[in-house]
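Reader: I am new to reading structures. Please take me through a single part of this one, slowly enough that I can follow.

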Amino acid sequence: MIRLLPMDRSLVDEVAALEQEISHSPWSVDMFLEEMRLGGWLKVMVSGERTLAGYAVARSLFDEWHLLTLGVVPEFRRRGVGSALVASLLQERVGKPEQRVVLEVRSSNVAARALYQRLGFVSVGVRRGYYRLGPVGPEDALVMIHSEGVGNGKLDMEKIFLA
Ligand SMILES: CC(C)(COP(=O)(O)OP(=O)(O)OC[C@H]1O[C@@H](n2cnc3c(N)ncnc32)[C@H](O)[C@@H]1OP(=O)(O)O)[C@@H](O)C(=O)NCCC(=O)NCCS
């Protein structure tokens, strides 16, 4: 069974090692710890006792949540883990329709873009050359938001399942 838990210190080294492996601009252990110290939103999905399947970090500022980083262990992909992490962030806003969730995603990141789109995010802009490093050199970021009144804005839990 795969469960959602708050990220605690015991999993940070493993999460940061996974970031190194799967992200072109990875967060360090210190960055995760600092976000924890600031009281940020840090979650993990674990399988069985404590096998890491994925993680996500977000920060809330006034009426906006920023999804800062998200990753899924390659062996756990296409099983709904990424969707479940993002969906749990979207659920933080239940009863607060004024809040929106914002994120940046590499324009070449087909998988993440498809996931966000499927959950109701829409692209609202482009930041040119936002990512300085990457497989193809500097790369644009798409800015996507999830908000009532933009796109479908509603979280359809039927689209989220864990295989
Ligand atoms: C992007 C990422 C988080 C997706 O996690 P995941 O757990 O595999 O995602 P899900 O299983 O919830 O996928 C949900 C939907 O997203 C889309 N999707 C996910 N991976 C995809 C891929 N490789 N290609 C195309 N669409 C994809 C599909 O529509 C998928 O639904 P389906 O499996 O029924 O077709 C994962 O690939 C990852 O960790 N990538 C590296 C880090 C990264 O890019 N993070 C995001 C930074 S913005």
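Reader: Among the elements of the protein chain, which has the lowest mean pLDDT and which the highest? After that, please look closely at the nonpolar core.

Author: Strand E6, residues 122-131, has the lowest mean pLDDT among the elements, at 93. Helix H2, residues 29-37, has the highest, at 98. Keep in mind that this is a predicted model. The mean pLDDT of the protein chain is 91. Of its residues, 91% reach 70 or more. Residues 156-160 stay under 50. The model has five contacts for them beyond four places in sequence. Where pLDDT is low, predicted coordinates should not be read in detail.

Now the core. The largest nonpolar core holds 33 residues. Ala56, Leu67, Val86 and Leu89 have the most contacts inside it. Two or more core residues come from each of helix H1 (9-22), strands E2 (41-47), E3 (51-61) and E4 (64-72), helix H3 (81-91), and strands E5 (100-106) and E7 (139-146). H3 gives the largest share, six residues. In soluble globular proteins, nonpolar side chains tend to be buried together.

Take Val86. Leaving out residues up to four places away in sequence, Val86 touches Ala56, Leu67, Leu70, Leu115 and Leu119.

Leu115 leads on to the ligand. Leu115 is one of the closest residues to the ligand, with Arg77, Gly82, Ser83 and Ala111. The ligand has 20 residues around it. They divide into 10 nonpolar, six polar and four charged. E4, H3 and helix H4 (110-118) each supply at least two of them. H4 gives the most, six residues. So both H3 and E4 serve the core and the shell around the ligand.

Technical notes. Residues are numbered from 1 along each chain as its sequence is written. This is a predicted model: local features need pLDDT of at least 70, side-chain atom pairs count only at pLDDT 80 or more; totals for chains, interfaces and linings use all residues. A nonpolar core is a set of buried Ala, Val, Leu, Ile, Met, Phe, Trp, Tyr and Cys residues joined through C-beta atoms within 7 Å. A residue is buried if 20 or more other C-beta atoms lie within 10 Å of its own, exposed if 12 or fewer, and partly exposed in between; C-beta atoms are placed from the backbone. Helices (H or I, at least four residues) and strands (E, at least two) are DSSP runs, numbered from the N terminus. Two residues are in contact if their C-beta atoms, placed from the backbone, lie within 7 Å. A residue is near a molecule or strand if its C-beta atom, placed from the backbone, lies within 6 Å of it. Ala, Val, Leu, Ile, Met, Phe, Trp, Tyr, Cys and Pro count as nonpolar, Asp, Glu, Lys and Arg as charged, and the others, Gly among them, as polar. pLDDT is the predictor's confidence in each residue, from 0 to 100.
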